[in-house]
Amino acid sequence: MVVKMIKVHGSGNDFYLLDQTQFPEPLSDTELKQLAVNVCKRDGAGLYDGADGVLVVDRSEHPQVLGRMRVINADGTEASMCGNGLRTVARYLGTQNSRDAFQVQTMYADLKVQAVADFANHVPAFSVEISPVSFDAQTLGMHANHNASTIINEKIPALSPDLKFSAVAVPNPHLIAFVDHATLVGPELGRIGKWMNDGQNEIFPDGVNVSFVEVLGANSIFVRTFERGVGFTNACGTAMSASSLMYVLLHQDSTDFNTEIHVTNPGGMVKTVVHQGADEEYWMELIGNATFVRIVTLPLQAALAGELAGASATDTGEQPAYEHFVAGLTTQK
Ligand SMILES: N[C@@H](CCC[C@H](N)C(=O)O)C(=O)O
């Protein structure tokens, strides 16, 4: 049997999108984990240029929901949410069903998605809901500062003598620090990110996505992320959403709720809007590209065995348009 996957990305955070409805029976969780580890390898060892993870699409049993998304990191671990990936899954399901606005089932919530105006010629874009949000240490799997119940703009001396951190689940776990430019580009993010995801530390035993954020000006931030289960990525959608929430909560001198925030990252740019619902719950809009790079096919058993040489690919032609869009961002700075 041949498996078809689409190489996709949101702001340069790239994935293989696997629609399991192509199979008579879905793959097992063990098979999905093995497939992700095999195809995501970088430096030529994976499927073409590898990926940050696999987005698994299945049917949803929920009414008014067009499909279900699961996200498997490059190391085979499953996460509860993927913001950049959700935009590409939304485009995939919307195109299949000729719908612009609908919901997608994720691990903890059915989330609203909507097609929006292209970011540029041949750079399609979607807006997706990021929620639920929690600051609770137990939800985060966090044991810091003598098992504090929350960490919001506070030092974690065990991690750093200087930096102040905020821990928030959206619903996957994020640890965020606002820093100056030298710290943003320095080695500290890698040191903390590697340590918090070593599988042995006692602060985040199950790991955490770690982000440093630089405030560039009013309603403008830059987010750099070391991702759980992956490492450094071009962008992390849930990290940029969580960082935008903390930006609104901690820096209302230069931004606010219900205000479009320009979020740049090593892979490009997205926009976010932070909302507070009637029930005081926070939720974010994440607005950005949903680029399909190429269609890939290969024998399923070979993919599961890590024998990838027999793959074939058809480029969509969208990547040069995305790169032109990003180049334009640089000139706009
Ligand atoms: N890059 C994704 C997040 C993928 C999951 C994350 N690495 C985790 O393990 O929580 C995004 O765009 O949100």
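**View 1. Polar contacts of the ligand.** A polar side-chain atom of Asn-209 is placed 2.8 Å from an oxygen atom of the ligand in this predicted model. Gly-237 approaches through its backbone, with an N or O atom 2.7 Å from an oxygen atom of the ligand. The backbone of Asn-84 also takes part, as one of its polar atoms is 3.0 Å from a ligand oxygen atom. Taken alone, the ligand exposes 360 Å², and the protein buries 100% of that area.

**View 2. The ligand within its cavity.** The largest cavity is the site in which the ligand sits. Two elements, α2 (83-97) and α6 (237-250), are those that give two or more residues to the shell around the ligand. The ligand is surrounded by 14 residues, and the closest are Asn-13, Asn-209, Glu-227, Gly-237 and Thr-238. Sorted by class, the shell comprises eight polar, four nonpolar and two charged residues.

**View 3. The ligand and the two domains.** Domain 1 is made up of residues 2-129 + 290-327, and domain 2 of residues 137-283. The ligand lies between the two domains because both give residues to the shell around it.

**View 4. The cis peptide bond before Pro-132.** Ser-131 and Pro-132 are joined by a peptide bond in the cis form, with omega near 0°. Pro-132 belongs to the loop that runs between strand β8 (123-130) and helix α3 (137-140).

**View 5. The cis peptide bond before Pro-171.** The bond between Val-170 and Pro-171 is a cis peptide bond, and its omega is about -10°. Here the proline, Pro-171, is located in the loop between strands β10 (164-169) and β11 (173-178).

**View 6. The backbone at Tyr-48.** Although Tyr-48 is not a glycine, its phi is positive, at about 55°. The loop that holds Tyr-48 lies between helix α1 (29-40) and strand β3 (53-58).

Terms used: Residues are numbered from 1 along each chain as its sequence is written. This is a predicted model: local features need pLDDT of at least 70, side-chain atom pairs count only at pLDDT 80 or more; totals for chains, interfaces and linings use all residues. Side-chain values use heavy atoms; hydrogens and water are left out. A residue is near a molecule or strand if one of its heavy atoms lies within 4 Å of it. A polar contact is a pair of N or O atoms within 3.5 Å; within protein, one must be able to donate a hydrogen and the other to accept it, and residues adjacent in sequence count only if both atoms are side-chain atoms. Accessible areas come from the Shrake-Rupley method with a 1.4 Å probe; for residues, only the protein chains shown count as cover. On a 1 Å grid over the protein atoms alone, a cavity is a set of points where a 1.4 Å probe fits but cannot get out, and a pocket is an open set with protein on both sides within 12 Å along at least five of seven lines; lining residues have an atom within 4 Å of a point. A molecule sits in a cavity or pocket if more than half of its atoms lie within 2 Å of its grid points. Helices (H or I, at least four residues) and strands (E, at least two) are DSSP runs, numbered from the N terminus. Ala, Val, Leu, Ile, Met, Phe, Trp, Tyr, Cys and Pro count as nonpolar, Asp, Glu, Lys and Arg as charged, and the others, Gly among them, as polar. Domain bounds come from an automatic or database domain assignment.
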